[in-house]
Amino acid sequence: MKALTFKGGVHPLHRQHEGKPLSKDAALREFSPAVVVIPMSQHIGAPCKPCVSVGDRVLLGQLIGEPGGFVSAPIHASVSGKVIAVEPRPHVNGTNVLSVVIENDGKDELDPSVQPKGTLDSLSPDEIKKIILEAGIVGMGGAAFPTHVKYAVKPDQKVDYLILNGAECEPYLTSDHRMMLEHSDRIALGAALLKKASGAPVCIIGIENNKPDAIEAMTKAVEKYEGISVAVLKTKYPQGGEKQLIKAVTGREVPRGGLPIAAGCIVSNVSTAAAVADAVYKGMPLVRRAVTVTGSVKQPSNFIAPCGTLYTDLFEACGGYEGEVAKIISGGPMMGLAVADPGIPTTKGTSGITVFSTKEYKPVVESNCIRCARCVDVCPVGLEPYILNAAALRSNVDVLREKDAMSCINCGCCTYVCPAKRDLAQSIALGKKILAKAAKK
Amino acid sequence: MDKLLHVSASPHIRDARTTTGLMGDVLIALLPAGIAGVYFFGLRALLLIAVGVASAVLAEFLCQKAARHTVTVGDLSAAVTGLLLAYNVPVNAEWWQVMIGSVFAIVIVKQLFGGLGFNVVNPALAARAVLQNSWAGSISIFKIDGVTAATPLSQLKSGQPVDASLLDMFLGKTAGCIGEVSAVLLILGGVYLLCRRVIKWQVPVAYIGTVAVFTGIYAAATGKSIDTFVLTHLLGGGLMLGAFFMATDYATCPMTGLGQLIFGVGCGILTSVIRLWGGYPEGASYSILLMNLATPLIDKATRPRIYGSEVKSNA
């Protein structure tokens with residue numbers, strides 16, 4: 001079978017097999033930190049309001065943050081123990097965010113609310129969606145968009161495809177890969193639950209062909225469910241980008257400025273599906289997730305870590321840094337967020353942490369655009385990054401609008417290929433802000 | 001943590017390709033044809049090449065110093081321009097003519113328009129045009145071993161029999177500019193650039209293909225031997241140098257594959273028209289210059305399609 005794909009894109013680190021061999025064979029291991037720092041904002045949307053106080057004893061799975069609106073997701077205790085602080089703490093976004101700090105008693109005592117909610121056959125689509133909402137499930141591919149909002153399909157909208165994203169196109173990261181290998185049954189069950197919740201007649205799980213073992217495991221796991229299949233995708237970045245994935249799997253395109261539902265599609269991450277299975281069959285809210293810690297650490301690893309685990313604790317569990325640290329990235333090297341302070345906690349959206357030493361990360365100096373057209377060739381959206389770059393640097397709103405900066409998906413392919421080392425994607429992100437500001441006037 | 005971490009927006013990794021690396025590849029690809037030029041025309045060719053490169057690099061250095069800009073001669077782009085200019089003059093050109101050409105290419109055509117990437121036309125070709133029009137006598141006369149010789153294309157134009165055999169033209173044993181004579185080594189260099197993905201196939205294939213088709217039809221219509229006529233046009237002038245190394249100049253050719261095809265076809269038609277009906281026996285450089293001017297228009301007409309445009313919504 002020919003691997004499905006989209007137009008454009010890049011293949012970073014292909015000589016190093018996308019940097020994945022570092023951690024791809026490291027089985028998921030449970031990690032239990034001494035303290036967790038649980039930020040009240042772990043998702044796109046309104047932050048939660050803490051509903052516990054200093055001194056309270058909390059149990060695993062207990063609600064500790066109430067959602068601040070519809071586009072929000074409740075937050076639960078990821079360990080059992082004592083609340084030792086409710087205060088602003090450093091967050092991956094670079095600011096201090098109100099967080100609940102829990103001293104882990106190591107007992108993992110379950111909250112009474114953690115009870116099986118039903119089965120695939122016994123629950124209606126609306127009941128499944130309600131469980132997803134109450135379990136605080138968000139998209140686990142990185143964007144952390146509340147899942148219940150994504151599945152709140154309007155009556156006039158039809159879902160033709162549910163697509164599960166197992167592409168894991170980000171170099172280095174292997175958490176989804178390990179999940180698909182070790183928890184294929186949970187993912188398959190979650191896929192069936194999400195398929196029922198969405199009303200989609202088919203569910204397709206897209207996996208890049210650099211993970212043949214995951215393709216095999218998932219193909220086997222979905223055999224017993226009707227209408228669920230695995231699609232083999234070409235190993236290319238950003239194959240797991242929502243819009244690129246839809247194009248590769250269905251041949252459809254999401255209309256400009258629209259959401260996937262406008263193309264009759266809903267896309268969720270494979271780890272999200274596993275979380276849904278846990279929420280339904282165990283009643284366990286989203287409090288733990290697979291996190292790859294890789295790059296320049298002594299022992300690159302894949303953990304199942306409670307949300308709120310400090311990066312520094314994970315680095316220690318990996319045997320510490322290898323070489324002199326230059327950059328710590330929440331996520332992978334293409335779209336991850338560089339962090340200023342390693343003393344921050346993981347969140348529901350943290351699929352991995354990549355550490356770069358001075359060997360892997362060397363700052364570059366921008367030079368003149370030579371019009372080589374590489375950015376145009378690789379842009380998966382069909383934009384002209386070199387023009388948007390010039391327009392953004394001059395705050396030229398007309399050109400930014402005409403050349404459609406807003407359609408940029410921030411994948412970073414243009415910056416990656418630029419031989420003049422120009423910060424193309426970065427400047428287009430700036431251009432989007434300029435456009436948003438201009439639209440408000 | 002006693003040392004501060006680097007913090008910047010994503011992406012955090014970069015492809016190993018650099019501007020200097022690309023220009024270096026162009027220099028490597030041009031090397032064999034230059035060696036052939038020195039072999040066929042003697043050491044004077046080497047002198048002119050050295051003057052061309054050195055004066056281009058020096059001109060760029062002084063220009064950037066004078067403007068208090070960062071000096072970027074290390075990116076090798078000025079060296080490429082100087083080399084191409086030297087390849088585009090006959091061996092009997094004066095060294096100071098080559099120097100004037102290089103300085104004109106760098107100062108007027110490149111730096112005054114904003115430097116690397118901002119020139120509107122190919123600097124080496126614009127400089128060659130200036131030399132050709134300023135010293136029409138000496139620059140358009142081709143000598144081998146001190147004896148004036150006619151290029152295959154000029155003999156073709158005046159209806160004389162062509163002295164050089166097709167094999168001579170293929171190898172480079174013919175009258176012409178220093179770097180344009182050895183078709184085989186230019187093709188070799190072009191293939192190197194294609195394999196290294198420095199250039200794309202569209203411009204050279206469309207350009208050479210169009211000249212072949214155009215001159216082929218002309219030969220058929222006028223009752224000439226088609227294969228000899230076409231091959232003389234392909235191998236006997238500056239087409240290979242132009243198609244692989246000049247028309248593919250990043251700054252002055254279109255961005256998209258379709259745009260590059262249009263550009264290549266345009267170059268091919270203009271070259272053929274100038275050669276068959278124009279005043280000059282050779283038309284490669286002027287046709288590329290003219291198409292350079294059309295590049296912004298072609299870019300505008302061949303913008304890539306944006307994902308999701310003209311797609312209907314589900315609801």
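Hi everyone, let's start with one residue, A:Gly118, which sits in the loop between β8 (96-104) and α1 of chain A. Before I go on, please keep in mind that this is a predicted model.

So, is A:Gly118 buried or exposed? It falls in between: A:Gly118 has 15 C-beta neighbours inside 10 Å, so it counts as partly exposed, given that a buried residue needs 20 or more and an exposed one has 12 or fewer. Which residues does A:Gly118 touch, if we leave aside those up to four places away in sequence? They are A:Leu123, A:Glu127 and A:Val280. Another residue to find on your screen is A:Pro74, 44 residues from A:Gly118 along the chain. The C-alpha atoms of those two are separated by 21 Å.

Now follow the chain into helix α1. In general, two packed helices are described by the angle between their axes and the distance between the axes. Here, helix α1 (residues 125-134) of chain A pairs with helix α7 (residues 270-281) of chain A: the axes come within 9 Å and cross at roughly 100°. That makes α1(A) roughly perpendicular to α7(A). What kinds of residues form this contact? Six are nonpolar, with no polar and no charged ones. From α1(A) we have A:Ile128, A:Ile131 and A:Ile132, and they meet A:Val276, A:Ala279 and A:Val280 of α7(A). You may remember A:Val280, since A:Gly118 touches that residue too.

Let's zoom out to the domains. The domain assignment splits chain A into domain 1 (1-31 + 114-363) and domain 2 (374-440). Their centres, taken over C-alpha atoms, are 27 Å apart. Where the two meet, domain 1 of chain A contributes 15 residues and domain 2 of chain A twelve. On the domain 1 side, seven of the residues are nonpolar, five polar and three charged.

And chain B? Chain B has 14 helices and two strands. Its radius of gyration is 21 Å, close to the 20 Å from the globule rule for 315 residues, so chain B is as compact as a globular protein of that length. Of those 315 residues, 53% are buried. If we take contacts in chain B with a separation of 6 or more, 74% of them join residues 24 or more positions apart.

Finally, how do the chains meet? How many residues of chain B are in contact with chain A? There are 38, and they face 57 residues of chain A. The chain B side is a mixture of 16 nonpolar, 15 polar and seven charged residues.

Thanks for listening!

Definitions and conventions:
Residues numbered from 1 in each chain as written. Chains lettered and ligands numbered in written order. Predicted model: local features only at pLDDT ≥ 70, side-chain atom pairs only at ≥ 80, totals over all residues. Helix = DSSP H or I, 4+ residues; strand = E, 2+ residues; numbered from the N terminus. Rg over C-alpha atoms; globule rule 2.2 N^0.38 Å. Contact = placed C-beta atoms within 7 Å. Axes fitted to C-alpha atoms, helices over the stretch in contact; angles between N-to-C directions. Parallel < 35°, antiparallel > 145°, perpendicular 65-115°, else oblique. Nonpolar A, V, L, I, M, F, W, Y, C, P; charged D, E, K, R; others polar. Domains from an automatic or database assignment.
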